[in-house]
Amino acid sequence: MARQRKPPPGVDPRLLIKDAAKLLPEPSRRRFLRGAASLGALAALTGCDIIDNNTSENALRVISTFNDRVQALIFNPNTLAPEYPESKITRPFPFNAYYSEDEAPDVDADKWELEIGGLVDNKKPWTLPELYKLAEVSQITRHVCVEGWSAIGSWQGVKLSDFLKMIGADLTAKYVWFQCAEGYSNTIDMPTALHPQTQLTLKFDHQILPRAYGFPMKIRIPTKLGFKNPKYVTAMWVQNNDAGGYWENQGYNWFSGL
Amino acid sequence: MTASSTTAVPRIRVTPLIPRLCHWVNALAIFIMVGSGWRIYNSEPIVPGLIPYFNHRYTLGGDFELSFKLHGEPGLAGATLWHFAGMWLLVINFLVYVAYGLVSGRFRRKLLPLSATGVIADARAALTGRLSHADLSIYNNVQKLLYAGIIVVGVVVVLSGLSIWKPVQFHYLTSFFGGYDTARYVHFGAMAAIVAFLVVHVALAVLVPKSLRAMIIDR
């Protein structure tokens with residue numbers, strides 16, 4: 001997930017929120033992409049607006065989809081993300097989301113269940129004590145944010161590929177979709193879900209996953225950008241349709257592989 | 001039979017069509033990559049003491065205030081869309097240019113021999129206003145150094161970019177650049193070298209306008 005954003009220089013955040021309230025009910029995706037396609041600097045230099053049209057908007061979208069396919073080809077299921085010694089762990093590991101830390105979901109562990117859906121034989125929901133009993137794997141890997149910063153963290157949990165096999169998921173399905181407590185969501189490709197380092201994460205640095213890092217469960221995917229690592233996960237569906245995701249739907253590249 | 005006295009002076013080709021086209025496609029690609037790269041820089045400045053942020057007016061990636069209003073992000077998504085589209089234009093065009101330069105012998109003819117003494121002599125001549133621009137088809141030693149150097153910088157900017165785009169799949173490349181964090185500085189430094197080259201390059205083209213004309217119409 002992207003870290004909480006500071007307002008751009010020279011922009012009054014209060015005014016922005018006011019404006020945002022007016023703008024939000026409108027279908028945001030289309031408006032956004034029109035904005036994305038504008039060649040601001042060139043238009044400013046030439047005083048013309050010819051490039052800010054649907055052609056460039058569509059072209060950018062087509063190229064981003066093409067880049068998804070290229071990245072799926074580049075993705076090697078046997079290439080492991082580099083692992084680091086404990087001394088390299090970033091401390092404190094940053095909290096990052098599109099909201100502040102005190103607004104993060106406060107999940108009730110006793111009521112929480114992992115909902116399982118879609119192309120799966122056994123859709124029985126999972127409680128935390130049940131998940132804690134499963135075989136644990138561990139990794140110290142680099143979390144890379146789309147913004148450019150990165151941090152090294154230590155995560156423990158269940159190998160997602162083992163879990164998918166155990167619940168009888170259709171491993172030939174195309175996608176796995178995750179829903180989160182705060183409404184965040186992500187769809188990932190099945191080859192990434194089956195990657196040996198993709199983890200159903202229950203602990204950070206050998207302690208129960210703290211609220212800041214996604215309690216009770218996050219999905220750790222060291223082969224993808226940070227925003228493709230959902231936290232506060234409540235549901236997992238195996239399916240053949242791409243259900244998109246929070247940032248993906250706002251124009252960020254869908255595959256976002258590392 | 002004698003040669004006609006009206007035969008025109010043989011026209012000297014300054015820049016053949018392929019490198020000339022590559023030059024202008026590259027100009028567009030650099031514009032896209034630097035513009036969107038500056039916007040990406042703004043989300044996480046790596047040399048905040050030197051450059052806190054690039055004025056968004058000179059960055060590429062859509063209306064950043066609208067992006068911020070709609071989803072609380074100052075146009076980073078748009079910038080990355082441009083950056084990862086522009087990279088294809090930059091790389092494919094660069095490969096065509098380099099392949100042509102190597103196969104045709106143009107690099108060898110134009111860029112070699114290159115010597116330190118020659119560069120110093122030509123730099124001194126240029127600064128005292130005595131450098132000849134009579135034959136645009138022959139590069140002086142300073143040009144040779146800059147044009148050869150910027151090709152190397154081009155390779156560095158692409159490979160360092162690749163190493164921060166795919167630090168898992170191409171982790172050997174990322175390690176070669178000293179790891180993820182260092183590779184970002186290398187990528188930034190290569191961008192800075194390109195922009196510095198561009199400033200000198202455009203200034204000199206303006207000072208010697210016939211070179212600009214030659215790059216457009218080859219005469």
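Start by colouring chain B by pLDDT, the predictor's confidence in each residue, from 0 to 100. Chain B averages 88, and 93% of its residues score at least 70. This is a predicted model, in which local features need pLDDT of at least 70 and side-chain atom pairs count only at 80 or more, while totals for chains, interfaces and linings use all residues. To find your way, count residues from 1 along each chain as its sequence is written, with chains lettered from A and ligands numbered from 1 in the order in which they are written. The model scores ipTM 0.85 and pTM 0.83.

**Chain B: confidence and outline**

Stay on chain B and click through its helices. Helices (H or I, at least four residues) and strands (E, at least two) are DSSP runs, numbered from the N terminus. Confidence in chain B is lowest in helix α2 (residues 64-71), with a mean of 73, and highest in helix α7 (residues 171-176), at 96. Now pick residues 1-6 of chain B: pLDDT stays under 50 there, and the model has 0 contacts for them beyond four places in sequence. (Two residues are in contact if their C-beta atoms, placed from the backbone, lie within 7 Å.)

Zoom out on chain B. Its secondary structure comes to 9 helices and 0 strands, and its C-alpha atoms fill a box of roughly 80 × 35 × 35 Å along the principal axes.

**Chain B: two domains**

Give residues 15-90 of chain B one colour for domain 1 and residues 105-219 another for domain 2. These bounds come from an automatic or database domain assignment. Taken over C-alpha atoms, the centres of the two domains of chain B are separated by 20 Å. Where they touch, domain 1 of chain B puts in 10 residues and domain 2 puts in 11. Which helix gives the most to the domain 1 side? Select α1 (residues 17-43) of chain B, which supplies 6 residues. By class, that side of domain 1 of chain B has 6 nonpolar, 3 polar and 1 charged residues. Ala, Val, Leu, Ile, Met, Phe, Trp, Tyr, Cys and Pro count as nonpolar, Asp, Glu, Lys and Arg as charged, and the others, Gly among them, as polar.

**Chain B: a helix crossing**

Next, show α5 (residues 116-127) and α6 (residues 141-165) of chain B. Their axes come within 7 Å and cross at roughly 115°. Axes are lines fitted to C-alpha atoms, for helices over the stretch in contact, and angles run from 0 to 180 degrees between N-to-C directions. That crossing makes α5(B) roughly perpendicular to α6(B); angles under 35 degrees count as roughly parallel, over 145 as roughly antiparallel, 65 to 115 as roughly perpendicular and the rest as oblique. Turn on side chains for G118(B), V119(B), D122(B), A123(B) and A126(B) on α5(B), and for N141(B), V142(B) and L145(B) on α6(B): these make the contact. They divide into 5 nonpolar, 2 polar and 1 charged.

Just before α5(B), stop at P113(B), in the loop between α4 (106-111) and α5 of chain B. The peptide bond from L112(B) to P113(B) is cis, with omega near -5°.

**Chain A: the open sheet**

Switch to chain A, which averages a pLDDT of 84, with 78% of residues scoring at least 70. Select its 4-stranded open sheet, ordered β1-β9-β4-β5 with mixed pairing. (Two strands pair if DSSP finds at least two bridges between them.) β1 (115-118) and β5 (185-189) of chain A are at the edges with a single partner strand each, so one side of each has no neighbour in the sheet. On average, neighbouring strands of this sheet are turned by 20° against each other, direction ignored.

Follow β9 (residues 233-239) of chain A. Parallel to it runs β1(A), joined by 4 bridges; E115(A) partners A235(A), and I116(A) partners M236(A). β4 (residues 175-180) of chain A runs antiparallel to β9(A), over 6 bridges, with C180(A) partnering V233(A).

**Chain A: a hairpin and two backbone stops**

Where does G148(A) take a positive phi? Look in the hairpin of β2(A) and β3(A), which has 5 residues between the strands; phi of G148(A) is near 120°. β2 (residues 137-144) and β3 (residues 150-159) of chain A pair antiparallel over 8 bridges, and R142(A) stands opposite I152(A).

Finish with P92(A), whose peptide bond from R91(A) is cis, with omega near -5°, and D205(A), a residue other than glycine with a positive phi, near 55°.
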